[in-house]
Amino acid sequence: MPGELAGYALLVAAGIGLLAVLVILRRERRSVEAERRDLPVAPATEGMKLCPTCGEGNLWTDATCIYCGSKLPG
Ligand SMILES: [Zn+2]
């Protein structure tokens, strides 16, 4: 039946169109993530205080070094 065939063809075309949109959206989202990854990232020691004894970075909230147990300044 020609009518059914036309309806099926339309359904397939709509499915392909939807799939293309999904692929394009996914590709755009991936490129945005890639751009974000290329941005310069702050070094890990930023916002940390270095232990005067062992030189390891500790959180500003730490009173003693988590690595060697020395008392931290500040
Ligand atoms: Zn230390």
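**Figure 1. Contacts of Ser70 in the predicted model.** Beyond the four places on either side of Ser70 in sequence, its contacts are Cys51, Pro52, Thr53, Thr64 and Cys65; two residues are in contact if their C-beta atoms, placed from the backbone, lie within 7 Å. Ser70 lies in the segment that follows strand β2 (57–59). Helices (H or I, at least four residues) and strands (E, at least two) are DSSP runs, numbered from the N terminus. The model is predicted: local features need pLDDT of at least 70, side-chain atom pairs count only at pLDDT 80 or more, and totals for chains, interfaces and linings use all residues. Residue numbers start from 1 along each chain as its sequence is written.

**Figure 2. Surroundings of Ser70 and its separation from Cys51.** Ser70 is partly exposed because 14 other C-beta atoms lie within 10 Å. A residue is buried if 20 or more other C-beta atoms lie within 10 Å of its own, exposed if 12 or fewer, and partly exposed in between, with C-beta atoms placed from the backbone. Between the C-alpha atoms of Ser70 and Cys51 the separation is 7.5 Å, and the two residues are 19 residues apart along the chain.

**Figure 3. Cys54 in the loop between β1 and β2.** Strand β1 covers 48–50, and Cys54 follows in the loop that leads to β2. Cys54 is exposed, as 12 other C-beta atoms lie within 10 Å. With residues up to four places away in sequence left out, Cys54 touches Cys65, Tyr67 and Cys68. The C-alpha atoms of Cys54 and Ser70 are 8.5 Å apart, with their positions 16 residues apart along the chain counted as the sequence separation.

**Figure 4. Leu50 in strand β1.** Leu50 is partly exposed, with 14 other C-beta atoms within 10 Å. Leu50 and Leu72 are 22 residues apart along the chain, and their C-alpha atoms are separated by 8.1 Å.

**Figure 5. Elements and confidence of the protein.** The protein has one helix and two strands, in the order α-β-β from the N terminus. Of its 74 residues, 4% are buried. Contacts between residues at least 24 apart in sequence make up 3% of those between residues at least 6 apart. The average pLDDT, the predictor's confidence in each residue from 0 to 100, is 83, and 78% of the residues score at least 70. Among the elements, helix α1 (residues 2–38) has the lowest mean pLDDT, 81, and β2 the highest, 92. Where pLDDT is low, the predicted coordinates should not be read in detail.
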